[in-house]
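Colleague: I'm just getting started with protein models, and I'd like a close look at one part of this one. Could you take me through chain B, and then show me what goes on where chain A comes into the picture?

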Amino acid sequence: MPLFSAYQRACPMNKMQKALRELGEMDDLAARQSPIHSLSPTAKLLTTIAYIAVVVSFGKYQLSGLIVMVLWPVLLFQISGIPVGLCFYKLRIVLPLVMAVGLFNPLFDRAPMLYLGSLPVSGGAFSMLTLMLKGVLCLMASFLLMATTPIDSLCASLRRLHVPGLLVTLLLLTYRYVGVMTEELAVMTDAYHLRAPGQRGIHVSAWGSFLGQLLLRSMDRAQELYGSMLLRGYHDHFHYALMKPFTVRDGAYAAGCIAAFLLLRLVPAARLLGSLFVR
Amino acid sequence: MIEFQHVNFAYEPGRPVIADLSFRIEDGEAVGLIGANGAGKSTVMKLLLGLLQGEGKILVDGRPVNRDSLGEIRRKLGFVLQNSDNQMFMPTVYEDMMFAPLNYGLSREEAERRVDGVLERLGLTELKHRHNHRISGGEKRMAAIATILAMEPEAVLMDEPTSALDPYNRRIVINTIRSLPQTKLITSHDLDMILDTCQRVILMSKGEIVADGPAGVILRDRALLEAQRMELPLSLSGGQAGR
């Protein structure tokens, strides 16, 4: 019988390794070729920010207006070739949290707002659905940005938009080292499980030393990393090699999208469309 | 030219890690710095690069290593870390290689030309746009060397360049080191690699130099090496190392 069979049956793939693989999948998505991928990251960043701002600006009962905003992510999914299912799979941990935000609204706001046949729909139910949809749309927009833009280009764009250098550098290094630290955590978890057969997860008594070890390792690594940066001429200023130029095409894309978002925000498109059919 | 003149260093008072260390490395020399764990090899590197400050004088091309000269000296010395993950902090190999040239004021085009040249010379062109966290250990080590060569340093310092590499990748790294025209200072426990790449060896123990001379002589001295908790390189021991 193979040496690790019992352990492998218990945990076919370390959760950390799985997370690491998923991180790699995001890089693969961002490296694909499509009209959306080829756009300047700055244009994509601007449109995503504008989209989120417009989505968030809808009132708590403006569900019909908000539904039209679904069009943009749907279009992007189609053009970029990113599978919608993958988006929901990747966001499976955050989505329930977002969905939970408005869960109690129906309890507090019970006044009926409309009737579906004879069934009253309360304001609370409306606001709950609106909040949920807002959360989902914002997450989808962020996912699409990450899935069509490499992180380095994204950071370069953030700098171009004058986001403080320290924050951007932190974001870049965090992304780079999340993988490395996850790898270390995976090795530590494996080492633990190999000496704690049959145990599910890590016992609470070991959490402290686990986190302590990880912190110490992170600090060592940070120190060496900073040394390495200094030795290659770092002076508090990061130079980004991948600065994609912002072309007329990118400008047109950003302007077109932002104009469309504003139009959808100001014109009740869903209601107008509905009035064509219902008199 | 690199020169240590009576250098002392201690992490804790009363426990010297480097004690009255003096040596000189001429331009173009390839020197192996060897010794058991805790001998002070890595500390020597850090002192030379100004990451640590000790007593005594350290000179690079006649200029003392101090706060005022650090920028210029670090530009001359390229340091390849033992752990490539700590060296390759940018998302892709290309960005990592561009980091130093851009920091040193090269234009984007000039830096890119330099990066492409190094990648081609080392046969790593296909790694250019790969993500650092998705390349193998051997590729990462070669890419780490490439990031340093993109600086066009006058001297290359390496800390355990062949550790944790399989024989194939180890051979690639050794051949690369051999092909470098720069002055080289390499610390390692891989004595076969030192024998292959260095003409001169400095053997350290407890922060002091125990022996300094031609690699072919020191690495053949079984008694000397064993006294320092080391063994003859496998290629010289005829399979008798450690017996």
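Modeller: Sure, let's start with the overall size. Chain B has 243 residues, and a compact globule with that many would have a radius of gyration near 18 Å; chain B has 18 Å, so the two agree. Keep in mind that this is a predicted model. If you draw a box along the principal axes, the C-alpha atoms of chain B fill roughly 50 × 45 × 30 Å. Of the 243 residues in chain B, 49% are buried. The chain also links stretches that are far apart in sequence: among contacts in chain B between residues at least 6 apart, 63% join residues at least 24 apart.

Now for the building blocks. Chain B contains 11 helices and 10 strands. Strands of a sheet pair through backbone hydrogen bonds, and they can do that either parallel or antiparallel.

Take the sheet with 6 strands. It is open, its order is β6-β7-β8-β3-β9-β10 in chain B, and its pairing is mixed. At its edges you'll find β6 (77-80) and β10 (208-214) of chain B, each pairing on one side only. On average, neighbouring strands of this sheet are turned by 15 degrees against each other, if you ignore direction. Zoom in on the β10 edge: strand β9 of chain B, residues 200-205, pairs with β10(B) in the antiparallel sense over 6 bridges. If you'd like a spot to click on, Arg200(B) stands opposite Pro214(B) in β10(B).

A helix goes with this sheet too. Helix α1 of chain B, residues 41-48, lies across β3 (30-35), β6, β7 (155-159), β8 (183-187) and β9 of chain B. Its direction is at about 145 degrees to β7(B).

While you're around β7, have a look at the loop between β7 and α7 (167-179) of chain B, where Ala164(B) lies. Ala164(B) isn't a glycine, yet it has a positive phi of about 60 degrees. Is Ala164(B) buried or exposed? Neither, quite: it has 13 C-beta neighbours inside 10 Å, so it counts as partly exposed.

There's another sheet in chain B, with 4 strands. This one is open as well, in the order β2-β1-β4-β5, and its pairing is antiparallel. β2 (15-25) and β5 (63-64) of chain B stand at the edges with a single partner strand each, so one side of each has no neighbour in the sheet. For β5(B), 2 bridges join it to strand β4 of chain B, residues 55-60, and they run antiparallel. There, Val60(B) stands opposite Arg63(B) in β5(B).

Next, the side of chain B that touches chain A. That contact takes 27 residues from chain B and 23 residues from chain A. On the chain B side, the elements that give two or more residues are α2 (70-76), α3 (84-87) and α4 (93-103). α4(B) gives the largest share, 7 residues. Sort the residues on the chain B side by character and you get 14 nonpolar, 8 polar and 5 charged.

So what does α4 of chain B meet over there? One thing is α10(A): the buried residues of α10(A) pack against α3 (41-57) and α11 of chain A together with α4 of chain B. In α10(A), 9 of the 10 residues are buried, so this helix is largely enclosed by the rest of the structure. Among the buried ones are Leu154(A), Cys155(A), Ala156(A) and Leu158(A), and Asp152(A) and Arg159(A) are buried too.

Follow the chain a little past that helix and the picture changes. His162(A) sits in the loop between α10 (151-160) and α11 (165-194) of chain A. Its phi is near 65 degrees, which is a positive value in a residue other than glycine. His162(A) is exposed, because there are 7 other C-beta atoms within 10 Å, and 12 or fewer puts a residue in that class.

One last bit of context for chain A: its domain assignment gives domain 1 (32-149 + 243-272) and domain 2 (151-241). Their centres, taken over C-alpha atoms, are 31 Å apart. The contact between them takes 6 residues from domain 1 and 7 residues from domain 2. On the domain 1 side, those residues divide into 3 nonpolar, 2 polar and 1 charged.

Note on methods. Residues numbered from 1 in each chain as written. Chains lettered and ligands numbered in written order. Predicted model: local features only at pLDDT ≥ 70, side-chain atom pairs only at ≥ 80, totals over all residues. Pairing = 2+ DSSP bridges. Axes fitted to C-alpha atoms, helices over the stretch in contact; angles between N-to-C directions. Contact = placed C-beta atoms within 7 Å. Nonpolar A, V, L, I, M, F, W, Y, C, P; charged D, E, K, R; others polar. Rg over C-alpha atoms; globule rule 2.2 N^0.38 Å. Buried ≥ 20, exposed ≤ 12 C-beta atoms within 10 Å, placed from the backbone. Domains from an automatic or database assignment.
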